[in-house]
Structures are given as structure tokens and as C-alpha cells.
Amino acid sequence: MKIGNIELKHNVALGPMAGVTDLPFRLLCEEMGAGLTCTEMVSAKAIYYGNKNTNELIRTVPEEHPLAVQLFGSDPDIMAEIAVRLEEGPYDIIDVNMGCPVPKVVNNHEGSALMRDPDLAFRILSAMAKKLHKPLTVKFRKGFNDDSVNAPEFAKMAEQAGVAAVAVHGRTREEYYRGKADWEIIRKVKEAVSIPVFGNGDIFRPEDAKKMMDETGCDGVMIARGAKGNPWIFKRVVHYLEHGELLPEPTREEILAMIRRQAKMMVDVKGEYIAIREMRKHVSWYTAGIPNSAQLRNDINMVETLEGLLELLDRRF
């Protein structure tokens with residue numbers, strides 16, 4: 001699968017998630033078979049005005065490829081300027097978030113709010129595409145609400161603006177992540193454009209990915225929430241799509257080893273204080289469904305050091 005001039009080894013991508021898809025987690029997902037990873041979304045205005053917090057969000061390493069950096073914003077000139085600035089960096093693809101449902105983003109006329117203003121969305125994307133040499137992509141939703149379902153039209157607009165690929169989540173902004181994702185809208189988007197389409201929403205098992213591709217004709221799948229505590233999903237999905245065979249789910253020993261690796265990587269990247277606190281949610285995701293794990297998830301909130309975390313895990317596992 002190709003996005004512009006960037007060739008992906010697999011058509012299974014890791015979707016960007018705020019507070020989740022940081023550098024350590026992306027590296028683990030890439031190692032497990034993700035054909036494309038994406039940074040957490042970062043505000044173009046924050047970069048423009050020199051906010052130092054953005055540096056951590058877009059941090060990468062030379063071995064992380066292909067990688068998309070995701071911007072959000074509503075000012076065409078600023079979005080284009082920052083895209084060009086980032087293009088000089090190590091990122092392979094510049095992605096635009098037009099699907100984020102969070103109120104503080106939407107209320108600032110950014111994220112999924114732009115689905116209600118396709119004219120402004122077109123000005124943003126075309127301003128970026130005209131200045132970029134690397135591929136430009138965009139992620140959006142089914143629509144803003146049930147009264148304004150416009151994903152196919154929005155995809156056409158993006159293609160006309162010069163976008164190289166789109167990713168569509170089968171829920172409206174008002175739905176957030178509730179209910180069932182509408183895969184039919186993904187099929188309609190695929191029929192509306194000639195550029196590659198990633199389908200996103202409710203992919204938690206290899207069978208889900210295969211079913212989505214069969215039902216929608218999408219070129220690839222983007223897995224987000226299904227990867228929380230489960231980087232193995234990429235290896236299992238890729239294998240299932242290529243061979244029709246289900247690989248076994250990870251063992252308790254493999255889960256423990258992965259948690260230990262991620263914790264150590266997090267400490268190296270973010271320092272022990274921040275890393276251990278952020279690992280608490282990851283451990284909860286990794287251990288969901290494991291017998292007698294409820295107490296572990298409670299006790300993990302009391303741990304403040306890497307040594308304490310590893311000791312607790314060894315004792316409980």
C-alpha cells in the first residue's frame with residue numbers, strides 16, 4: 001500500500017490517541033507489525049507560538065518509519081507554515097485531525113468542528129498541500145451529528161484539496177465512541193474517492209479487520225482503542241489478513257514482558273516520575289480480563305518507582 005510516495009509494509013495502521021500513542025508505545029506497535037504509526041495530535045498554534053510542551057508530543061527516533069505527525073488547527077496560514085516546518089523533520093507524512101470530538105478542541109472550531117465547515121477545511125488542506133512535498137493525509141468522522149452525515153462529500157473535498165489518503169471513523173462527533181461504528185459510511189467514502197481509504201472504528205480482533213475490509217472495500221484499517229494494552233493486535237491482524245490463520249493471544253508471560261519493556265522505555269523517555277504515573281493506565285489495559293487483576297489495578301496506583309512497579313508485577317504475575 002502506498003500513500004503518495006511512501007510505501008507501507010502493511011495496510012494496518014496505529015491510530016493517533018492523545019495520551020496513548022507516545023514514542024515508546026508507537027515503537028512497540030511498529031515492532032509488532034503496525035505498517036504506519038502516528039504521533040499524538042499537536043496544535044499548530046502551539047508550535048507556532050513556541051510552546052515547549054509540543055516537543056514531547058512529536059518526539060521520534062531515526063528507526064521509527066513510516067511515521068505521520070498529526071496537526072490540528074483552524075488557521076490555514078498557520079497550518080501550512082507549521083506543516084512546512086515539520087516537513088523538514090523526520091516525519092514521512094503530515095496528517096490533519098478533523099475528527100477529534102473533545103469539547104475544548106471543537107469549541108475552538110478545530111477537530112471535528114471542521115466537518116461543519118467544509119469550506120474552511122478545504123482552505124486549510126489546500127493551503128497545506130500546495131506547500132508540501134511529503135504526503136498530506138486527513139482523519140475525520142462520519143459527520144458532526146446524525147443530521148449532518150457528510151463523510152463521503154468531505155472525503156471528495158479532501159481529495160480535491162490535494163490530500164493523498166483519508167481515514168474515516170464510523171461515528172459522528174456527538175457519538176464520541178458510544179454505540180456501534182457505522183462501517184457502511186466507510187464503504188461510501190471508499191466509493192467516493194480514488195485515493196486510499198483507512199477504515200477506523202470497532203476493530204478489536206483480527207476478524208474485525210477482515211470483516212471491515214470485506215464489507216467496505218477500504219484499502220487499510222486503522223486501529224486505535226483496540227491497541228490499548230494490546231500491541232500484539234497488529235501482528236495478529238496482519239497474519240490473519242495474509243494467511244487466514246488466527247495466531248494465539250499473548251500469554252501472561254508475554255504480557256508481563258511487554259509491560260516491563262514499556263515501563264523501562266517510558267522511564268528512559270520521560271523520567272521516572274511521569275513514566276510510572278502514565279504506566280498505571282497502560283497496566284490496567286494490559287491486564288483487563290486477566291483473573292484476579294482487579295486488585296493489581298488498584299495497587300498499581302500506589303506505586304511511584306520503576307523498581308516498585310516491577311516488583312509488584314513479578315509478585316502478582
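**Arg 315 and its partner**

I began with Arg 315, which comes out partly exposed at a relative accessible area of 49%. This is a predicted model, so every value here is computed from predicted coordinates. I looked for a charged partner and found Glu 311, in a salt bridge whose closest N and O atoms are 2.5 Å apart. Glu 311 is partly exposed too, with a relative accessible area of 41%. Why do these two sit about one helical turn apart? Because they are four residues apart in helix α14, which covers residues 306-316.

**Other salt bridges**

I pulled the total next: the structure holds 20 salt bridges. I went through a few of them.

Arg 59 and Glu 56 pair through their side chains, with 3.9 Å from N to O. The cut-off for a salt bridge is 4 Å, so this pair counts. I checked exposure on both sides: Arg 59 is partly exposed at 35% relative accessibility, and Glu 56 is partly exposed at 36%.

Lys 190 and Asp 219 form a salt bridge at 2.9 Å, N to O. I noted that this pair links distant parts of the chain, 29 residues apart. Lys 190 belongs to helix α8 (residues 183-192), while Asp 219 is in the loop between α9 (206-216) and β11 (220-223). Asp 219 has a relative accessible area of 26%, so it counts as partly exposed.

I also found a network of salt bridges that links Asp 22, Lys 270 and Glu 278.

**Ser 293**

Buried or exposed, I asked of Ser 293? It is buried, at 5% relative accessibility. I placed Ser 293 in the loop between α12 (272-287) and α13 (294-299). Its side chain makes a polar contact with the side chain of Arg 297, at 2.7 Å.

**Strand β8 and its neighbours**

I moved on to strand β8, residues 136-143. Eight of its eight residues are buried, so the strand is largely enclosed by the rest of the structure. Which strands pair with β8? One is β7 (residues 93-98), parallel to β8 and joined to it by five bridges. Another is β9 (residues 165-172), also parallel, over six bridges.

I picked out single bridge partners as well. Met 98 is matched with Phe 140 in β8, and Val 138 is matched with Val 166 in β9. Then I followed the chain from β8 through helix α7 (residues 151-161) to β9, and the three make a right-handed β-α-β unit.

**Met 98 and the cores**

Met 98 came up again when I listed contacts. Leaving aside neighbours within four places in sequence, Met 98 touches residues including Gly 111, Leu 114, Met 115, Ile 124, Leu 125, Val 138, Phe 140, Arg 141 and Phe 154.

I then looked up the largest nonpolar core, which has 94 residues. Which of its members touch the most others? They are Leu 71, Met 98, Leu 125, Met 128 and Phe 140. Helix α11 (residues 252-270) supplies the largest share of this core, with nine residues. Apart from this core lies another, of 13 residues, with Ile 3, Leu 8, Leu 36 and Phe 198 among them. As background, nonpolar side chains tend to be buried together in soluble globular proteins.

Last note to self: the Met 98 and Phe 140 bridge joins two residues that are both among the best-connected members of the largest core.

How values were computed. Residues are numbered from 1 along each chain as its sequence is written. This is a predicted model: local features need pLDDT of at least 70, side-chain atom pairs count only at pLDDT 80 or more; totals for chains, interfaces and linings use all residues. Side-chain values use heavy atoms; hydrogens and water are left out. A nonpolar core is a set of buried Ala, Val, Leu, Ile, Met, Phe, Trp, Tyr and Cys residues joined through side-chain atoms within 4.5 Å. Buried means under 20% relative accessible area, exposed over 50%, partly exposed in between (1.4 Å probe, protein chains only). Contact means heavy atoms within 4.5 Å. A polar contact is a pair of N or O atoms within 3.5 Å; within protein, one must be able to donate a hydrogen and the other to accept it, and residues adjacent in sequence count only if both atoms are side-chain atoms. Two strands pair if DSSP finds at least two bridges between them. A crossover is right-handed if, with the strands pointing away from the viewer, the path from the first strand over the helix to the second runs clockwise.
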